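Me: I have not seen this structure before. Could we go through it in questions and answers?

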Amino acid sequence: MSNRRATAAPPLPTPAEDTPRGSDLPTTTASDAAPSEAGGVTAVTRALQLLDAFALGESHLSLAQLSRRCGLHKTTALRLARTLAASGYMVQRDDGDWRLGPSAGWLGARYQAGFDVQNVMEPALRALTQASGESAAFYVREGNVRTCLVRVEGPQALRHHARMGEGLPLDKGSPGRVILAFSGEPGEVYEQIRRRGYHYSIGEREQGVATVSAPVFGMHWRLLGSVCISGPDSRLPPEKLESLAQTVVTAANALSYALAGTTAPAPASRASHWHP
């Protein structure tokens, strides 16, 4: 695949509500370049807010929606959207609405490539799905939340659907609990997870959903995240989760070997922190 960045087309004529008047014409202001209270650059923070405004399943948003969700004046939102469009991160449609651009997709592809998703993770999760009959996913830690990096759907008609990229709590659900445990989180529940090498939960984060997870390590046994299978609790009662736990652990170990480039067994209770 070429590393050449996609070039966005020139901005299309905008509807009347999108067109600033007089002094509202898009310009770079001193306040945009000023540091924010958190120590960052205000304009960058606002631009990222614009990209984050799109919810899963939303293909496009109007300027008014972007402005309202980000708490920005329409002229500010428009200036930022046009700046992002110049680099391909947003695109304005014929009807004036905005959608994410090709550069946003390429950025996500490069993020996934850091974990060798196509060559290692997807085949491993596909094998786990075939062995367990349930959907399989890989979660990573991003700050104080966990996100689903890659997922393979199971063959069952009734299954749990994880939202890719959504920030989820670490302390609810077995994927997050495993990440905390093998990051050295204190407490008896985490000690137990470290001793067993896996954890399962039923309805802890989402009612009716059952999961069982195990840790995945990379180079130098650094914790990368957790692999899990999930499905409805009607199909995955505690005894079934226990019986599938070793299947998940085996898959997690195989994934660890592949990502670490080694055939040595991964330690079952190594406290570490995920690092991209």
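Me: Which residues in α8 are met by residues of α7?
Reply: This is a predicted model, in which local features need pLDDT of at least 70, side-chain atom pairs count only at pLDDT 80 or more, and totals for chains, interfaces and linings use all residues. Residues are numbered from 1 along each chain as its sequence is written, and side-chain values use heavy atoms, with hydrogens and water left out. On the α7 side, the contact (heavy atoms within 4.5 Å) involves Arg-177, Val-178, Leu-180 and Ala-181. Their partners in α8 are Val-189, Tyr-190, Ile-193 and Arg-194.

Me: How are α7 and α8 set against each other, parallel or perpendicular?
Reply: Helix α7 covers residues 174–181 and helix α8 covers residues 188–196; helices are DSSP runs of H or I, at least four residues, and strands are runs of E, at least two. Their axes (lines fitted to C-alpha atoms over the stretch in contact, with angles from 0 to 180 degrees between N-to-C directions) are 9 Å apart, at an angle of about 90°. That falls in the range 65 to 115 degrees, so α7 relative to α8 is roughly perpendicular.

Me: How many helices and strands does the protein chain have, and what share of its residues is buried?
Reply: The protein chain has nine helices and eight strands. Buried means under 20% relative accessible area with a 1.4 Å probe, protein chains only. Of the 276 residues in the protein chain, the buried share is 43%.

Me: What share of contacts joins residues at least 24 apart?
Reply: The count starts from contacts in the protein chain between residues at least 6 apart in sequence. Among these, the share joining residues at least 24 apart is 57%.

Me: Which residues of α4 are buried?
Reply: Helix α4 runs over residues 74–86, 13 residues in total. Just after α4 comes Gly-88, with a positive phi of about 85°. The buried residues of α4 are Thr-75, Thr-76, Ala-77, Leu-78, Arg-79, Leu-80, Ala-81, Leu-84 and Ala-85.

Me: Which residues of α4 are met by α2?
Reply: The axes of α2 (residues 42–52) and α4 come within 10 Å and cross at roughly 85°. That makes α2 roughly perpendicular to α4. From α2, the residues taking part are Ala-43, Arg-46, Ala-47, Leu-50 and Leu-51. They meet, in α4, Thr-76, Ala-77, Leu-80, Ala-81 and Leu-84.

Me: Which residues of α4 are met by α3?
Reply: Helix α3 spans residues 63–70, and its axis comes within 9 Å of that of α4, crossing at roughly 105°. That too makes α3 roughly perpendicular to α4. Leu-63, Ala-64 and Ser-67 in α3 meet Lys-74, Ala-77 and Leu-78.

Me: Why does Ala-210 count as buried, and how far in space is Ala-210 from Ile-229?
Reply: Ala-210 lies in strand β7, residues 209–217, and counts as buried because its relative accessibility is 0%. Beyond neighbours within four places in sequence, Ala-210 is in contact with residues including Ser-201, Ile-202, Ile-229 and Leu-241. Ala-210 and Ile-229 are 19 residues apart in sequence, and their C-alpha to C-alpha distance is 8.4 Å.

Me: What separates the C-alpha atoms of Ala-252 and Ala-214?
Reply: Ala-252 is in helix α9, residues 238–260, and is buried at a relative accessible area of 1%. Leaving aside neighbours within four places in sequence, Ala-252 is in contact with Ala-214, Pro-215, Val-216 and Val-227. Ala-252 and Ala-214 are 38 residues apart along the chain, and their C-alpha atoms are separated by 6.1 Å.

How values were computed
The expected span of a helix is 1.5 Å times one less than its number of residues. Buried means under 20% relative accessible area, exposed over 50%, partly exposed in between (1.4 Å probe, protein chains only). Angles under 35 degrees count as roughly parallel, over 145 as roughly antiparallel, 65 to 115 as roughly perpendicular and the rest as oblique.
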